[in-house]
Amino acid sequence: MENQNRSGTAGKAIRCKAAVCRNPGEPLMIEEIEVEPPKAWEIRIKILCTSLCHTDVTYWKMSTGPFAFFPMIFGHEAVGVVESVGEHVEEFQEGDMVVPVFRPNCRECRDCKSQKGNGCSIFGGELVPAMPRDKTSRFKGMNGETLYHFFSVSSFSEYTVVDVVNVVKISPEFPVDKACLLSCGISTGIGAAWKVADIEEGSTVAIFGLGTVGLAVAEGARLRGASKIIGVDLNQEKIEIGKQFGVTEFINPTTCGEKKISEVIKEKTDGGADYCFECIGLASLMEDAFNSSRVNWGKTVILGLEMHRTPLPVNTSLLLRGRSVTGCLFGGLKPKSDIPFLAQKYLHKELNLDGFITHEVGFGDINKAFDLLLEGKSLRCIIRMD
């Protein structure tokens, strides 16, 4: 069926502004680019607002690795409106409000149909700096050079092209500044608490790192009725922030004296926390989290990407006594079904999203969002495209 497009841009390249990263660690440059029309099973989205995630900053700094391709358009937390659709697209139409996500969900493969995880065996095996099906880019600079994609989203552009497996339709009633928060970090933390750990009422929880993801874990634990939620962070300012999301006790490791952090947590939880979450990405903290979990059934969930690629040392004799360690991407959530569920929780005033928004800037000031995050001053900075 031929898709109609009231703006007359369907099937044509669009010129727009994008924040382009030309070299790792350098400020982004607002440039005019060309965004090609969507191909089969793709949609082109007009981004309304986006937000900055620590993952963007991590890869922005990297000069080597799977996403060290420059020039690149970063950004993977966003909300927008469908501008046009490619062939074979039936799930979306022009004007739909959508949230792009880095975690694919085709809903047809064995993994997508299984309730045991949230992987996709067709599109989830490899992240490439291009479109997932034909491995080519939809972005060009004004001199014709290729601009690379990031995490299948690239939301630091007024328009982007995304595969249908990486997009979720959302109610037009949902406030746009909150909608982009569902794309990654907050969903990851809540999902880890609900789907991966499956926290039950009365549980004790220890969270290592009270950034956005860690606070989202706390929010998920609070909603599940955890009796004690211990936040571990070096930043004393996180004490008051943590309380907004259910953190009941705070530990700064530098104030523990000669005691190990695991010893302090065991004292506070009568033998160890039922659930521990590592949300930073350091093997040493992952080990601390594991050692802080309860013997016999303590579960440690790893959410942080180990920034130095250091392996996790685990005492296997402790595993034999019932402790376990697991990891997850996107909190174990299946985007197509679970993001609308979280959206409804917010609309019913059951989920705190507002507290995560600490700053807001215009698109032209996007580098300020980077500064705020690097300085530890923001949780989520909303970047409005208009």
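Here are some short exercises on the protein above, each with a worked solution.

The model is predicted, so local features are used at pLDDT of at least 70 and side-chain atom pairs at pLDDT 80 or more, while totals for chains, interfaces and linings use all residues. Residues are numbered from 1 along each chain as its sequence is written, and side-chain values use heavy atoms, leaving out hydrogens and water.

**Exercise 1. The whole protein**

Find how many helices and strands the protein has, and how its radius of gyration compares with the globule rule.

Step 1. Count the elements: there are eleven helices and 17 strands. Helices (H or I, at least four residues) and strands (E, at least two) are DSSP runs, numbered from the N terminus.

Step 2. Look at the radius of gyration, which is 21 Å, close to the 21 Å from the globule rule for 386 residues, so the protein is as compact as a globular protein of that length. The radius is taken over C-alpha atoms, and the rule is 2.2 Å times the number of residues to the power 0.38.

Step 3. Add the outline: the C-alpha trace spans about 65 × 40 × 40 Å along its principal axes.

Step 4. Turn to burial, where buried residues make up 53% of the 386 residues. Buried means under 20% relative accessible area, exposed over 50%, and partly exposed in between (1.4 Å probe, protein chains only).

Step 5. Finish with contacts, meaning heavy atoms within 4.5 Å. Of the contacts with a separation of 6 or more, 71% are between residues 24 or more positions apart.

**Exercise 2. Surface, charge and domains**

Work out what share of the accessible surface belongs to carbon and sulfur atoms, then place the charges and the domains.

Step 1. The accessible surface comes to about 16,800 Å², and carbon and sulfur atoms hold 49% of it. Accessible areas come from the Shrake-Rupley method with a 1.4 Å probe; for residues, only the protein chains shown count as cover.

Step 2. There are 43 positive and 49 negative side chains, with the centres of the two sets 3 Å apart. Lys and Arg count as positive and Asp and Glu as negative, without His and the chain ends; the charge is placed at NZ of Lys, CZ of Arg, CG of Asp or CD of Glu.

Step 3. The assignment gives domain 1 (65-165) and domain 2 (186-331), with bounds from an automatic or database domain assignment. Their centres, taken over C-alpha atoms, are separated by 31 Å.

**Exercise 3. Three buried residues**

Locate Ser 187, Cys 53 and Glu 278, and list what each one touches beyond four places in sequence.

Step 1. Ser 187 sits in helix α4 (residues 185-196) and is buried at a relative accessible area of 0%. Its contacts are Leu 181, Leu 182, Phe 330, Leu 333 and Leu 342.

Step 2. Cys 53 belongs to the loop between β3 (42-51) and α1 (54-61), and with a relative accessible area of 4% it is buried. Its partners are His 76, Glu 77, Cys 184, Leu 373 and Arg 380. Cys 53 is also 9.9 Å from Ala 369, C-alpha to C-alpha, although the two are 316 residues apart in sequence.

Step 3. Glu 278 is in strand β13 and counts as buried at 0% relative accessibility. Among the residues it touches are Phe 208, Leu 285, Met 286 and Val 301. Pro 175, by contrast, is 103 residues away in sequence and 30 Å away in space, C-alpha to C-alpha.

**Exercise 4. Residues in loops**

Which residues have a positive phi without being glycine, where is the cis peptide bond, and is Thr 248 buried or partly exposed?

Step 1. Asp 270 has a positive phi, near 55°. It is in the loop between α7 (261-268) and β13 (275-278) and is exposed, at 64% relative accessible area.

Step 2. Lys 349 also has a positive phi, near 60°. Its loop runs between α10 (335-347) and β16 (357-362), and Lys 349 is exposed at 76%.

Step 3. The cis peptide bond joins Phe 70 and Pro 71, with omega about 5°. Pro 71 is in the loop between α1 and β4 (77-85).

Step 4. Thr 248, in the loop between α6 (238-244) and β12 (249-251), is partly exposed at 47%. Beyond four places in sequence, Thr 248 touches Lys 228 and Ile 229.
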